[in-house]
Amino acid sequence: MSRIGKSLIKLPQDVTLEIAKDNLVTVKGSKGTLTQQVDNAISVKNTDGVIELERATESKRHKAMHGLYRALLNNMVTGVSEGYKKQLELVGVGYKATVQGNILELNVGYSHSILLGLPDEVKASAETVKGQNPIVTLESFDKQLIGQVAAKIKSLRTVEPYKGKGIRFVGEQVRRKAGKTAAK
């Protein structure tokens, strides 16, 4: 039995879960609404605020789907009740970030500034303190979407291994290389 798939999901007080005929699961909470199409081999049951997932057979594919859909539903429940937050740090001389509405403007060492349109579900804020690196904070109820947006922002200036300049998550460890002078 899948260790992840067999564990139950408890719904918080303000979260409701609806299951349609074609295994379309809708989760509503104070932060927003998320929907997920569940494979037909997995049955979803909601009894007294506890979600349980069961699989049809013991095939390898169904075992994999069991844990996957349990994790996806758990992320949805957590997202609509608490939300998710990611923080990115801009490391480099002259690196700046500003947010106007849902447009993120980044100055990360190129000859031009980068304008990035954010989805409506993602709220961003930029914080710049003198003497520290600028920090961009992303908040959303959709874990998959916020991860995609954070990965896109990171890809605009990947961290280079010699000086450590670039965009990284707050607290992320970067493996540094010694460079040419270390050989002498």
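In the predicted model, leucine 24 stands opposite glutamine 37 in strand S4, within an antiparallel pairing in which strand S3 and S4 (residues 33-37) are linked over five bridges. Strands are DSSP runs of E with at least two residues and helices are runs of H or I with at least four residues, both numbered from the N terminus, and two strands are taken to pair if DSSP finds at least two bridges between them. A hairpin of four residues joins S3 to S4. On its other pairing, S3 (residues 24-28) runs antiparallel to strand S2 (residues 16-19), to which four bridges join it, and leucine 17 has valine 27 of S3 as its bridge partner. The hairpin of S2 and S3 has four residues between the strands, and in this hairpin asparagine 23 takes a positive phi near 60°.

Residues are numbered from 1 along each chain as its sequence is written. Since the model is predicted, local features need pLDDT of at least 70 and side-chain atom pairs count only at pLDDT 80 or more, whereas totals for chains, interfaces and linings use all residues, and side-chain values use heavy atoms, with hydrogens and water left out.

Arginine 55 is placed in strand S6 (residues 50-55), and with a relative accessibility of 11% this arginine counts as buried, the classes being buried under 20% relative accessible area, exposed over 50% and partly exposed in between, for a 1.4 Å probe and protein chains only. The side chain of arginine 55 makes a polar contact of 2.9 Å with the side chain of histidine 66, and a polar atom of the arginine 55 side chain also lies 3.4 Å from the backbone oxygen of threonine 57. A polar contact is here a pair of N or O atoms within 3.5 Å, of which, within protein, one must be able to donate a hydrogen and the other to accept it, and residues adjacent in sequence count only if both atoms are side-chain atoms.

Further along the chain, strand S12 (residues 135-140) runs antiparallel to strand S7 (residues 84-91), with six bridges joining the two, and glutamate 89 has isoleucine 135 of S12 as its bridge partner. S12 also pairs in the antiparallel sense with strand S11 (residues 123-127) over five bridges, where lysine 123 is partnered by glutamate 139.

The largest nonpolar core has 22 residues, of which Leu90, Leu106, Leu138 and Ile153 touch the most other members; such a core is a set of buried Ala, Val, Leu, Ile, Met, Phe, Trp, Tyr and Cys residues joined through side-chain atoms within 4.5 Å. At least two residues of this core come from each of S7, S9 (103-107), S10 (114-117), S12 and helix H3 (143-156), and H3 gives the most, with six residues. Apart from this core lies another, of 19 residues, among them Leu11, Val44, Ile51 and Phe141. Leaving aside residues up to four places away in sequence, leucine 138 has contacts (heavy atoms within 4.5 Å) that include Tyr84, Leu88, Val122, Ile146, Val149 and Ile153.

Glycine 179 is found in the segment after strand S13 (166-169) and is partly exposed, with a relative accessible area of 32%. Although 17 residues separate glycine 179 from tyrosine 162 in sequence, their C-alpha atoms are 6.5 Å apart in space.
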